[in-house]
Amino acid sequence: MAATAAPTKPTVRYFDIRGKGEPIRVALTDLGVDFVNHVVAYAEWPKMKAEGIADGSLPFTQVPAYADEDGKFCQMNGELDFPLPRLP
């Protein structure tokens with residue numbers, strides 16, 4: 001029997017500011033969801049953006065970006081409307 005891969009933790013990528021990424025962080029924390037809070041340094045952003053375009057990890061080449069095992073979301077309304085209702 002093949003082993004089932006463990007689900008990956010949801011990941012939120014955003015700058016270290018209270019801006020458009022804060023609502024998803026607060027909501028995940030309030031729900032008790034164990035997630036990766038990838039804080040993007042401003043110096044890191046140009047490289048991350050180029051890599052995100054190349055590999056598809058930033059579909060709209062912007063942050064905040066939310067990703068889980070079911071997909072990637074880069075618009076705040078999409079992040080709050082789709083992933084959160086599925087979480088415990």
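Start by selecting Gly56: just after helix H2, Gly56 takes a positive phi of about 80 degrees. Helices here are DSSP runs of H or I with at least four residues, strands are runs of E with at least two, and both are numbered from the N terminus. What you have open is a predicted model, in which local features need pLDDT of at least 70, side-chain atom pairs count only at pLDDT 80 or more, and totals for chains, interfaces and linings use all residues. Residues are numbered from 1 along each chain as its sequence is written, and side-chain values use heavy atoms, with hydrogens and water left out.

**Stop 1: helix H2**

Now step back from Gly56 and select residues 45-55, which form H2. Which residues of H2 are buried? They are Trp45, Met48 and Gly52, where buried means under 20% relative accessible area, exposed means over 50%, and partly exposed lies in between (1.4 Å probe, protein chains only). These buried residues cover an arc of only 60 degrees around the axis, which puts them on the same side of H2; the arc is taken from the directions from the helix axis to the C-beta atoms. As background, an α-helix has 3.6 residues a turn, so residues three or four places apart point the same way.

Turn the view to the face of H2 that points away from its buried side, and you will meet the exposed residues Pro46, Lys47, Ile53 and Ala54. Then look at what covers the buried residues of H2: strand S1 (11-15) and strand S2 (36-40) are among the elements there.

**Stop 2: the sheet**

Next, show the strands. The order S2-S1-S3-S4 describes an open sheet of 4 strands with mixed pairing. S2 and S4 are the edge strands, each pairing on one side only. Neighbouring strands of this sheet are turned by 15 degrees against each other on average, direction ignored. Two strands count as paired if DSSP finds at least two bridges between them.

Select S1 and S2 together: they run parallel and are joined by 5 bridges. In this pair, Arg13 stands opposite His38 of S2. Helix H1 (residues 22-30) packs on the sheet, touching S1, S2 and S3, with contact meaning heavy atoms within 4.5 Å. The direction of H1 makes about 140 degrees with that of S1; such angles run from 0 to 180 degrees between N-to-C directions, with axes fitted to C-alpha atoms, for helices over the stretch in contact.

On the other side of S1, add strand S3 (residues 65-68), which pairs with S1 in the antiparallel sense over 3 bridges. Look for Val12, whose bridge partner in S3 is Tyr66.

**Stop 3: the hairpin and Asp68**

Follow S3 into strand S4 (residues 71-73): a hairpin joins S3 to S4 through 2 residues. These two strands run antiparallel, with 3 bridges between them.

Finally, pick Asp68, which is in strand S3 and stands opposite Gly71 in S4. Is Asp68 buried or exposed? Asp68 is buried, with a relative accessible area of 14%. Its side chain makes a polar contact with the side chain of Tyr66 at 3.2 Å. A polar contact is a pair of N or O atoms within 3.5 Å; within protein, one must be able to donate a hydrogen and the other to accept it, and residues adjacent in sequence count only if both atoms are side-chain atoms.

**Last view: the chain**

Zoom out, and read along the sequence: the chain follows the pattern β-α-β-α-β-β-α-α. Of its 88 residues, 33% are buried.
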